[in-house]
Amino acid sequence: MVGSIPQPAFYIFKCQQSAPPGMPKPSCVSQNDPESQQLFQHLAQSLMMKGIIGTVQPVQTGCLNRCQQGPVMLVEPGHTMYVGLTKEKIDRIIEEHIIGGNVVQEYVIPEEMWGEPISPSAMAR
Ligand code: FES
C-alpha cells in the first residue's frame, strides 16, 4: 500500500538467557564470558552502523531451546538458527545473509539438531 509503514525485512531474535551463577547448565549469556554479554549490543550497533536498523529489527529473547549450541540467534524469515556466535560471526552474517541474501551455512545449527518442524495441526488434540 502506498504510504504505509513498511514491515521489517528481517527480525533477528538473539537469545539473552543467562543461567544463574553456579548453574551447570550452559546458557547463551554467561557471567564467565564477557563477549557473550556484548553480542546483542554488538548486533544492534552493527545494524545501526550499516544504516539498516530501520528494516532489520533485533529482538532480545529468552531461551530458544538450543542452549548447548549457544550463543544462538534466530533469523526470520527463513527460520535460520545461527549457533556458537561471536562478534566476528555476527558481522559476517549481517554482511552475507542480511545484506547479501546468502545464508552463512558454516554457522547454521547442525541438521540433526534442527529437524523439520512437526505441524501443529498434526500434533493438536
Ligand atoms: S539459553 Fe539460549 S538457547 Fe537456551
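Is His 79 buried or exposed? I started there, keeping in mind that this is a predicted model.

**Entry 1: His 79.** I counted 9 other C-beta atoms within 10 Å of His 79, so the residue is exposed. The cut-off I needed for that call is 12 or fewer. I then placed His 79 on the chain and found it in the loop between E3 and E4. Its phi caught my eye, as it is near 60 degrees, a positive value in a residue other than glycine.

**Entry 2: Pro 77.** I stayed in the loop between E3 and strand E4 (80–82), where Pro 77 also sits. I checked the peptide bond from Glu 76 to Pro 77 and it is cis, with omega near 0 degrees.

**Entry 3: Pro 71.** Next I went back along the chain to the loop between strand E2 (56–61) and strand E3 (73–76), which holds Pro 71. The bond I looked up here runs from Gly 70 to Pro 71, and it is cis too, with omega near -5 degrees.

**Entry 4: Asn 65.** I found Asn 65 in the loop between E2 and E3. Its phi is near 75 degrees, which is positive, and the residue is not a glycine. I also wanted to know why Asn 65 counts as exposed. The reason is its 11 C-beta neighbours inside 10 Å, as the limit for exposed is 12 or fewer.

**Entry 5: why I noted these.** Most residues other than glycine have a negative phi, and most peptide bonds are trans. I therefore wrote down the positive phi values and the cis bonds, given that usual pattern.

Definitions and conventions. Residues are numbered from 1 along each chain as its sequence is written. This is a predicted model: local features need pLDDT of at least 70, side-chain atom pairs count only at pLDDT 80 or more; totals for chains, interfaces and linings use all residues. Helices (H or I, at least four residues) and strands (E, at least two) are DSSP runs, numbered from the N terminus. A residue is buried if 20 or more other C-beta atoms lie within 10 Å of its own, exposed if 12 or fewer, and partly exposed in between; C-beta atoms are placed from the backbone.
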